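Visitor: I would like a short tour of a ligand site. Please show me the structure.

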Amino acid sequence: MPVTLQFLKTQTLIAVSKSAASAIHLLLTFLICDFILTGETASSTMMQAAQYEIGGPEKLSVGQVAIPSLREREVLIRVHATAINRAETLQRQGKYPPVPGESEILGLEAAGVVEKLGPGASKWKIGDRVMALLPGGGNAEFVAAFEDHLIPVPITLPFTQAAAIPEVWLTAYQLLHFVGKLKVGEKVLIHAGASGVGTAAVQLVKQAQAQPYVTAGSKEKIQFAEELGAIKGFNYKEGDFAAKVLKATNGDGVDLILDCVGASHWEQNIESLKAEGRWVLYGSLGGVNVEGPILGKILRKRISLIGSTLKARSTQYKTELISAFSDHAMPLFANGTYRPIIYTIFLSLHHLPEAHRTMEANQNTGKIVLKVSESKEEL
Ligand SMILES: NC(=O)c1ccc[n+]([C@@H]2O[C@H](COP(=O)([O-])OP(=O)(O)OC[C@H]3O[C@@H](n4cnc5c(N)ncnc54)[C@H](OP(=O)(O)O)[C@@H]3O)[C@@H](O)[C@H]2O)c1
């Protein structure tokens with residue numbers, strides 16, 4: 001497909017409201033950027049990678065850095081596509097430092113082809129199509145990844161879709177099954193139901209024969225989550241959601257809450273839960289400081305409040321999670337039961353500032369993906 005058509009198909013930045021002249025200028029600018037990025041690397045030891053200084057999205061840029069060297073049981077991946085995550089926007093702001101000893105380049109996930117095997121690596125061969133959960137480094141032309149943290153990418157799944165899977169699907173799978181101990185028939189309330197994690201969670205809950213409910217901040221996002229399988233969605237910006245959750249569940253409440261919001265939802269979370277319900281906290285988009293009788297309310301309902309992070313988990317934990325997720329989910333991606341939900345695909349790393357701005361403005365439903373290397377695959 002000609003580059004211009006690919007560009008338009010991804011709906012990146014040609015806003016219909018712009019004048020023809022500025023649209024043509026934008027198009028030429030990005031095509032030049034894409035050509036520069038997808039051309040041959042300057043030398044066999046250097047690569048293009050995202051760089052940043054602490055601050056706003058304008059502090060993101062693309063520069064030349066050394067291709068990572070490989071440690072024990074690592075493989076080098078030639079990245080075709082990567083995706084962005086809230087943790088990276090926080091890292092850019094100086095609020096979430098890189099994991100000590102790991103790449104300081106942004107990027108918790110990538111999909112591409114195995115380029116080289118490091119010492120002791122034996123699970124993959126050169127040319128294998130893989131996606132990776134990374135401690136960092138994914139927003140680059142090459143990334144080093146631990147061999148147990150890769151998942152094979154079926155030939156039917158384009159890299160631009162595979163790159164949207166590792167971080168949010170593994171998070172949602174972990175929260176539901178490893179942490180939240182979800183059981184058949186249970187009711188689950190998923191906050192940010194149209195987010196990357198939320199859209200994965202809705203599909204996983206449905207597949208587990210449990211019942212997903214969501215909150216989101218717009219009628220369009222709620223409608224999207226309901227079309228994906230949520231039984232009912234509630235707009236948290238239109239007043240208390242707890243009374244609506246209780247009404248929708250015949251007064252029972254839910255068994256489990258996946259909560260990336262935190263402080264601003266605490267009281268309604270407790271009201272929405274059944275006695276002995278589980279409240280899994282995995283983000284704090286609505287703040288961390290709580291005022292009020294939270295402990296008394298947790299005590300009276302015998303609620304379990306469990307915090308969870310993925311990035312900081314041990315290598316062994318991630319290996320077990322990835323293995324369980326791959327066995328469960330990859331056949332379902334291959335046959336189309338599971339769908340990575342993608343809001344937009346930017347054509348190169350040069351669009352990172354726009355990608356971060358889009359996420360920080362809460363515009364996305366599902367994932368924001370960036371194409372990295374030249375690939376003949378359809379977007
Ligand atoms: N602990 C972990 O292991 C882990 C792993 C991955 C992600 N996370 C966290 O999970 C969250 C979701 O990640 P994601 O990549 O799926 O995010 P995302 O796609 O960027 O979606 C986040 C959505 O949250 C909603 N939101 C933002 N601020 C809010 C607020 N103050 N109150 C209520 N809703 C708010 C917005 O949707 P609306 O328009 O609906 O408000 C926003 O689009 C993030 O906080 C992220 O840091 C945690």
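Guide: This is a predicted model: local features need pLDDT of at least 70, side-chain atom pairs need 80 or more, and totals for chains, interfaces and linings use all residues. Numbering starts from 1 along each chain as its sequence is written, and side-chain values use heavy atoms, without hydrogens or water.

Visitor: How far is a polar backbone atom of glycine 217 from an oxygen atom of the ligand?

Guide: A polar contact is a pair of N or O atoms within 3.5 Å. An oxygen atom of the ligand pairs with the backbone of glycine 217. The distance is 2.7 Å.

Visitor: How much of the ligand does the protein bury?

Guide: Areas come from the Shrake-Rupley method with a 1.4 Å probe. Taken alone, the ligand exposes 920 Å². The protein buries 89% of that.

Visitor: Which helix gives the largest share of the shell around the ligand?

Guide: Helices are DSSP runs (H or I, at least four residues), numbered from the N terminus. Both α5 (166-179) and α6 (196-207) supply at least two shell residues. The largest share, three residues, comes from α5.

Visitor: Why does the ligand lie between two domains, and which are they?

Guide: Domain bounds come from an automatic or database assignment. Both domains give residues to the shell, so the ligand lies between them. They are domain 1 (3-161 + 340-371) and domain 2 (168-307).

Visitor: Which side-chain atom lies 3.0 Å from an oxygen atom of the ligand?

Guide: The partner is a side chain, and the atom is polar. It belongs to asparagine 364.

Terms used. Polar contact = N/O pair within 3.5 Å; in protein donor to acceptor, adjacent residues only side chain to side chain.
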